[in-house]
Amino acid sequence: MNRQPSSQPSQKPSRMNVSQPGGPTNADLASIFECPVCFDYVLPPILQCSSGHLVCSNCRPKLTCCPTCRGPLGSIRNLAMEKVANTVSFPCKYASAGCEVNLPHNEKPEHEESCEFRPYSCPCPGASCKWQGSLDSVMPHLMHAHKSITTLQGEDIVFLATDINLPGAVDWVMMQSCFGHHFMLVLEKQEKIEGLQQFYAIVQLIGTRKQAENFVYRLELNGNRRRLAWEATPRSIHEGIASAILNSDCLVFDTNIAHLFADNGNLGINVTISMVS
């Protein structure tokens, strides 16, 4: 148990071949749009200095003059370069991490927001750990930096949350290992208005969205001839659990329900992980 204060897949775009035999390749054209400051791409709307030099929209607000000629940046729109940009496919910003997707500039932001090569954040609830790294580094990070998290083996386990009557916002975390994967089980208690407390229980896979689609998890509270259950696809740690909890897309119950199933302030949640047939 670990307590700490709370604080879609899309079809892979094909490479666009805009070159003629002996002419510039798509990579050649894309390189023309490299920002001289950060080496990211200058994408529409494209503004230039009075001498025609470009800088990307992220760097521009930080500059007081053109980084190439030291002249005033100005607000001149380069419509010709924007037309060229519309014919070029640009690499994903995570290409150095292994992403091979090239796509039109207007599709880049949406892809990069969900790109599987985007760095993963620490999946532990709360905002205290700011670690980011590759998927392969997540479990070593958890084992090193979050040693208090218990790991249970098997498809069916009991997630025991102790002292659920503790005041304030509290998180309970446990790991479950089965089918060659690791799953993180989170029970989060939030303080609502007028002292009302809500519990949110959810499972996330230490893996990609595509891998998560291969599994179904079931959470079940049993006791006193009562049963409360929830079944869903686990969340990938890439997307996290914040939005699911915000939208109540998980097992949700209040303090009164928790007391119906708790035993001396301890709440057992049966957790079953299954593979999708």
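A disulfide is taken here as a pair of cysteine sulfur atoms within 2.5 Å. By that cut-off the structure, a predicted model, holds zero disulfides.

**Figure 1. Cysteine pairs without a disulfide.** Cys59 is in no disulfide, and its nearest cysteine sulfur, that of Cys38, is 3.6 Å away. Because a disulfide requires sulfur atoms within 2.5 Å, the separation of 3.6 Å between the sulfurs of Cys59 and Cys38 does not qualify. Cys59 counts as buried, at 8% relative accessibility. The second view shows Cys122, which is also in no disulfide. The nearest cysteine sulfur to Cys122 belongs to Cys129 and is 3.7 Å away. Cys122 has a relative accessible area of 10% and is buried.

**Figure 2. Overall layout of the predicted model.** The protein contains seven helices and 16 strands. Its radius of gyration is 25 Å, well over the 19 Å that the globule rule gives for 277 residues, so the protein is more spread out than a compact globule. The C-alpha trace spans about 75 × 45 × 30 Å along its principal axes. Two domains are assigned, domain 1 (26–113) and domain 2 (147–275). The centres of domain 1 and domain 2, taken over C-alpha atoms, are separated by 44 Å. Of the 277 residues in the protein, 41% are buried.

**Figure 3. Strand E11 and its pairing partners.** Strand E11 covers residues 197–205, and nine of its nine residues are buried. In a regular strand the side chains alternate between the two faces of the sheet. On E11, Gln197, Phe199, Ala201, Val203 and Leu205 point one way. Gln198, Tyr200, Ile202 and Gln204 point the other way, and the residues of both sets are buried. Strand E10 (residues 181–191) pairs with E11 in the antiparallel sense over nine bridges. Within this pairing, Leu185 has Val203 of E11 as its bridge partner. E11 also pairs with E15, again in the antiparallel sense, over four bridges. Here Tyr200 is bridged to Val252 of E15. With strand E14 (residues 235–236), the pairing of E11 is parallel and runs over two bridges. The bridge partner of Leu205 in E14 is Ser236.

**Figure 4. The nonpolar cores.** In soluble globular proteins, nonpolar side chains tend to be buried together. The largest nonpolar core of this model has 48 residues. Those with the most contacts inside this core are Leu142, Met184, Leu187, Ile269 and Val271. The close-up is centred on Leu187; leaving aside neighbours within four places in sequence, the contacts of Leu187 include Phe159, Ala161, Val170, Asp171 and Trp172. Also in contact with Leu187 are Phe199, Tyr200 and Ala201, along with Phe253, Leu267 and Ile269. A second, separate core has 19 residues, among them Cys49, Cys66, Ala85 and Phe90.

**Figure 5. Backbone geometry in three loops.** Most residues other than glycine have a negative phi, and most peptide bonds are trans. The peptide bond from Pro44 to Pro45 is cis, with omega near -5 degrees. Pro45 is placed in the loop between helix H1 (26–32) and strand E1 (47–48). In the second view, Asp163 has a phi near 55 degrees, a positive value in a residue other than glycine. The loop that holds Asp163 lies between strand E8 (156–161) and strand E9 (170–178). Asp163 is partly exposed, at a relative accessible area of 39%. In the third view, Ser248 has a positive phi of about 60 degrees although it is not a glycine. Ser248 is found in the loop between helix H6 (242–246) and strand E15 (251–254). Its relative accessible area is 38%, which makes Ser248 partly exposed.

**Figure 6. Glu110 and Ser51.** Glu110 lies in helix H3, which covers residues 108–114. With a relative accessible area of 62%, Glu110 is exposed. In sequence, Glu110 and Ser51 are 59 residues apart. In space, the C-alpha to C-alpha distance between Glu110 and Ser51 is 32 Å.

Terms used: Residues numbered from 1 in each chain as written. Predicted model: local features only at pLDDT ≥ 70, side-chain atom pairs only at ≥ 80, totals over all residues. Heavy atoms only, no water. Buried < 20%, exposed > 50% of the residue type's maximum accessible area, 1.4 Å probe, protein only. Pairing = 2+ DSSP bridges. Domains from an automatic or database assignment. Core = buried A, V, L, I, M, F, W, Y, C linked by side-chain atoms within 4.5 Å. Contact = heavy atoms within 4.5 Å. Rg over C-alpha atoms; globule rule 2.2 N^0.38 Å.
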